[in-house]
Amino acid sequence: MKIDKDKPWTWIKYKEGMCSGCWGSCCTMPVEIGAADLVRLGIASSDEVEISRKKVAKKLIKKGVVSSYREATDLYMLVQRSNGDCYYLDSKTRLCTVYELRPGVCREFPGVGPRPGFCPQRKK
Ligand code: SF4
């Protein structure tokens, strides 16, 4: 069966080392991040996020880094390029440009996500 990132039932069981040589399908899926991630990424200060999450959202939407903010979950949606790539994904190397500072959800994948423990691997 062909692996399709939009069809989690086609994903394969994750094993260590699988990320090497991968095209980065997981970095083409919607990514929601929290205020602590914004601070770690250096795109908002801890004071700013304490004072007003909505103001931070307004600033980052204007900057083109996040596309929306959901008050109910207190999460910000990272911008995706027109081809689905994450704002922080390098289109040529297919590597994360902020790897050391990447959001918590990216660190936990594929432990979390649409099908925990499984991966939409696609070779380069
Ligand atoms: S922040 Fe980095 S690891 Fe997370 S989805 Fe974007 S490119 Fe991938």
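**Exercise 1. Place D74, then decide whether D74 is buried, partly exposed or exposed.**

Solution.
- Start with location. Residue D74 sits in the loop that runs between β3 (66-70) and β4 (75-78). The model is a predicted one.
- Look at the backbone next. D74 is not a glycine, yet its phi is positive, near 60 degrees.
- Now count neighbours. Within 10 Å of D74 there are 12 other C-beta atoms.
- Apply the cut-off: 12 or fewer counts as exposed. Therefore D74 is exposed.

**Exercise 2. Do the same for R94: find its place and its exposure.**

Solution.
- Find the loop. R94 belongs to the one between β4 and α4.
- Check phi. R94, also a residue other than glycine, has a positive value near 60 degrees.
- Count again. R94 has 17 other C-beta atoms within 10 Å.
- Compare with the limits: exposed needs 12 or fewer, buried needs 20 or more. The count of 17 falls in between, so R94 is partly exposed.

**Exercise 3. Which residue does a cis peptide bond join to P110, and where does P110 lie?**

Solution.
- Read the bond. The cis peptide bond links F109 and P110, with omega about 5 degrees.
- Locate the proline. P110 is in the loop between α4 (104-108) and β5 (118-119).

**Exercise 4. List the residues around the ligand, then sort them by class.**

Solution.
- Collect the shell. Around the ligand are C27, V31, C86, Y88, L89, C96, V98, R102, P103 and C106.
- Sort the shell. Nine of its residues are nonpolar, none is polar and one is charged.
- Name the charged one. Arg counts as charged, and R102 is in the shell.

Note on methods:
Residues are numbered from 1 along each chain as its sequence is written. This is a predicted model: local features need pLDDT of at least 70, side-chain atom pairs count only at pLDDT 80 or more; totals for chains, interfaces and linings use all residues. A residue is near a molecule or strand if its C-beta atom, placed from the backbone, lies within 6 Å of it. Helices (H or I, at least four residues) and strands (E, at least two) are DSSP runs, numbered from the N terminus.
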